[in-house]
Amino acid sequence: MGLRTTKCQLLVTSLCVMLLGLSIAILSTVTHYGLHFTVISNISLESNSYRVIHYAAFYFGICLSMTLILAALLSSAATVRESQCLTAMGFFCFALAFYGLIPAACWRYTHSTEVEDSMMDVYDFVYEEVRRNASNFRRHELTAIHEAFLCCGKHSPFGDTTNVERTTCPPGEVHDTGQDCLRKIQDFLKKHTDFVSTLLGITIGFMVYGMILTSFLWFSIHFSSNLDRKGKYILRER
């Protein structure tokens, strides 16, 4: 692999990493401020872990996106200026993002149902509170969940729930049509987490490739500068 080829590949990789950083920033913002997630986060109790996960995911995503954008900018500048210092800094940013992504990916697969369970626990709690008493505050929260997920009630083993659904479901949503809220929450989270997992996998691949290219570019610049110095001769008059 020649120096020119490495520089071209690193520029293309930097552009892709920049786009990935922007995508992760947008995804983190949508996840944090999106209606489906905020309606659960605002209701979540202190004993429920969802609110902690909600904020941790947002801050991690923003920090990761900033690291990716910085890595892309440093790598591009290092390619244009052929600077060993900028190349080393670009490599450090790629490595930092990589070692942040690996624990995130491991957490995603080892705690694959924790977010889903915590969201459904919130819904179960609010639903049962409304079913047991006519609290206007909890009824308003349940109505907000139904409107956000476009669902209506759930199959409850504790008796008839028609009264709860009639007063909290959005117009046009009928429980018997299969719009069970627990199922809707599961389906929504599955699509969202599948997309996040795909984005994490692509980003990890680009981080590895970026580290390889920046390493090769650093050694290429280093040995090239050594050869340039060896090829210079100074003629002195006697």
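The following legends describe close-up views of a predicted model.

**Figure 1. Overall fold of the predicted model, with eight helices and zero strands.** From the N terminus, the elements follow the order α-α-α-α-α-α-α-α. Of the 238 residues in the protein, 43% are buried. Contacts between residues at least 6 apart in sequence join residues at least 24 apart in 74% of cases. The accessible surface amounts to about 13800 Å², and carbon and sulfur atoms account for 64% of this area.

**Figure 2. The largest nonpolar core, which comprises 24 residues.** The members that touch the most other members are I40, M119, Y123, L142, I145, F149 and I185. At least two residues of this core are supplied by each of helix 2 (35-43), helix 3 (50-81), helix 5 (114-132), helix 6 (136-149) and helix 8 (181-230). Helix 5 provides the largest share, namely eight residues. A separate core of 23 residues lies apart from this one, and its members include L27, L64, A78 and L86. In soluble globular proteins, nonpolar side chains tend to be buried together.

**Figure 3. Surroundings of L142, one of the residues that touch the most other members of the largest nonpolar core.** When residues up to four places away in sequence are not counted, L142 touches Y123, V126, Y127, V130, V164 and T168. Among these contacts, Y123 and Y127 both belong to helix 5.

**Figure 4. The aromatic pair formed by Y123 and Y127.** The count of aromatic pairs in the model comes to seven. In the pair shown, the ring centres of Y123 and Y127 are 5.7 Å apart and the planes meet at 40°, a tilted arrangement. The two residues are four positions apart in helix 5, about one turn of the helix. Y123 has a relative accessible area of 0% and is therefore buried. Y127 likewise has a relative accessible area of 0%, so this residue is also buried.

**Figure 5. The aromatic pair formed by W218 and F219.** The ring centres lie 5.1 Å apart; because the planes are at 85°, the pair is classed as edge-to-face. W218 has a relative accessibility of 29% and so counts as partly exposed. F219, at 45% relative accessibility, is also partly exposed.

**Figure 6. Further arrangements involving aromatic rings: the cluster of Y33, F58 and Y59, and R108 over Y109.** Ring pairs connect Y33, F58 and Y59 into the cluster. R108 is positioned over the face of Y109, at 5.5 Å from the ring centre.

**Figure 7. The loop residue E82, with a positive phi.** Most residues other than glycine have a negative phi, and most peptide bonds are trans. For E82, which is not glycine, phi is near 50°. E82 is located in the loop between helix 3 and helix 4 (84-110). Its relative accessibility is 35%, so E82 counts as partly exposed.

**Figure 8. The loop residue L150, with a positive phi.** Phi of L150, a residue other than glycine, is near 50°. L150 is found in the loop between helix 6 and helix 7 (162-168). With a relative accessible area of 48%, L150 is partly exposed.

Note on methods
Residues numbered from 1 in each chain as written. Predicted model: local features only at pLDDT ≥ 70, side-chain atom pairs only at ≥ 80, totals over all residues. Heavy atoms only, no water. Buried < 20%, exposed > 50% of the residue type's maximum accessible area, 1.4 Å probe, protein only. Contact = heavy atoms within 4.5 Å. Areas by Shrake-Rupley, 256 points an atom, 1.4 Å probe, with all protein chains shown as cover. Core = buried A, V, L, I, M, F, W, Y, C linked by side-chain atoms within 4.5 Å. Phe/Tyr/Trp six-rings, centres within 6.5 Å; stacked < 30°, edge-to-face > 60°. Lys NZ or Arg CZ within 6 Å of the ring centre and 35° of its normal.
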